[in-house]
Amino acid sequence: MEKRGRKSDGRLTKAKMMQAAVTLFLQNGYQNTTISQISEMAGMTHSAFFRAFRDKEAILYALIAYVFDKQFAETDTLLAGVRDPLLLYGVETALQFHITELSEALRDVYVMAYSLPTTSEYIYQRTAQKLQAIFSPYMPGAEAKDFYELEVASGSIMRGYMAKKCDVYFAMEHKLARFLSCCMKIYCVPEEKCAQVLAAVQKVKLHAIAEKVIQDTVEQVRQGLICADTSGEG
């Protein structure tokens with residue numbers, strides 16, 4: 001009975017720390033949020049944080065794991081019935097760009113997710129599995145390790161473009177065109193097909209979907225449902 005109580009207390013601590021962290025991440029970004037600030041907002045001690053999470057990166061790992069699954073689910077729903085996997089890829093990546101344009105704090109969270117060791121490794125492994133299903137017709141003979149290695153390259157391109165804020169000289173349409181052109185060359189997609197995908201992606205209204213992904217994430221955190229996997233071991 002006492003053991004179950006300790007486990008329950010541990011889950012509560014994780015949930016409160018996650019709620020505080022997400023609130024601060026959305027206000028200040030990842031880099032400008034400290035463990036002390038998270039602990040204070042959660043109404044707990046500094047040592048309580050380290051009983052719940054190994055470090056601040058572990059919180060981001062748990063958060064990113066949920067957000068990426070949410071992004072993929074929203075894209076699948078949006079494109080229900082669409083058979084073109086390249087369009088799915090284009091919309092999923094475009095959705096990430098739209099999310100990072102919602103605020104500078106979100107831009108920082110996403111850029112750091114593509115930069116830190118555990119979170120970037122999660123992204124590489126999770127995305128590489130999807131890339132093999134999408135691009136194998138254009139790369140016959142390529143193996144799982146090839147798609148993982150290429151995702152390290154395309155993930156770095158993604159990080160760079162997310163970090164660059166859209167403006168009058170670098171509008172979202174231009175950013176998407178550059179990104180998809182670069183990445184589809186990496187995966188040996190013909191230029192004509194790339195142009196078709198880009199044209200289709202730019203017709204999809206993604207701003208509202210981006211807002212929904214973040215709103216749903218905040219609600220899941222509020223309910224204490226995002227804190228189960230904090231190992232950061234992917």
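This report walks through a few helix contacts and one loop residue in the structure above. The model is a predicted one.

**Two helix pairs**

Two packed helices are described by the angle between their axes and the distance between the axes. Here are two such pairs side by side.

| Pair | Angle between axes | Distance between axes |
|---|---|---|
| α4 (residues 56-78) and α11 (residues 207-222) | roughly 135° | within 10 Å |
| α5 and α7 (residues 117-135) | about 145° | 9 Å |

Let us begin with α4 and α11. Their axes cross at roughly 135°, and angles that are neither under 35 degrees, nor over 145, nor from 65 to 115 count as oblique, so α4 and α11 are oblique to each other. The crossing of this pair is right-handed. On the α4 side, the residues that take part are Leu63, Tyr66, Val67, Lys70, Gln71 and Glu74; they meet Ile209, Lys212, Val213, Asp216, Thr217, Gln220 and Val221 of α11. By character, the residues of this contact divide into six nonpolar, three polar and four charged.

Now for α5 and α7. Here the crossing is left-handed. From α5, the residues Pro85, Leu86, Tyr89 and Glu92 meet Lys130, Leu131, Ile134 and Phe135 of α7. This contact is made up of six nonpolar residues, two charged ones and no polar ones.

**The buried face of α10**

Helix α5, which spans 85-100, turns up again in the surroundings of α10. Which residues of α10 are buried? In this helix, running through residues 191-201, they are Cys194, Val197, Leu198 and Val201. If you look down the axis of α10, these buried residues fall within an arc of 100°, so they line one face of the helix. The cover over them includes α5 and also α9 (172-186).

**A loop residue, Gln31**

Finally, have a look at Gln31, in the loop between α1 (2-28) and α2 (35-42). Is Gln31 buried or exposed? Its relative accessibility is 51%, and the cut-off for exposed is over 50%, so Gln31 counts as exposed. Even so, Gln31 has contacts beyond its neighbours within four places in sequence: Lys56, Asp108 and Met112. There is also a link in space to a distant part of the chain, as the C-alpha atoms of Gln31 and Val109 are separated by 7.9 Å while the two residues are 78 residues apart along the chain.

Definitions and conventions. Residues numbered from 1 in each chain as written. Predicted model: local features only at pLDDT ≥ 70, side-chain atom pairs only at ≥ 80, totals over all residues. Heavy atoms only, no water. Buried < 20%, exposed > 50% of the residue type's maximum accessible area, 1.4 Å probe, protein only. Helix = DSSP H or I, 4+ residues; strand = E, 2+ residues; numbered from the N terminus. Arc of directions from axis to C-beta. Contact = heavy atoms within 4.5 Å. Axes fitted to C-alpha atoms, helices over the stretch in contact; angles between N-to-C directions. Left-handed = near helix turned anticlockwise from the far one by under 90°. Nonpolar A, V, L, I, M, F, W, Y, C, P; charged D, E, K, R; others polar.
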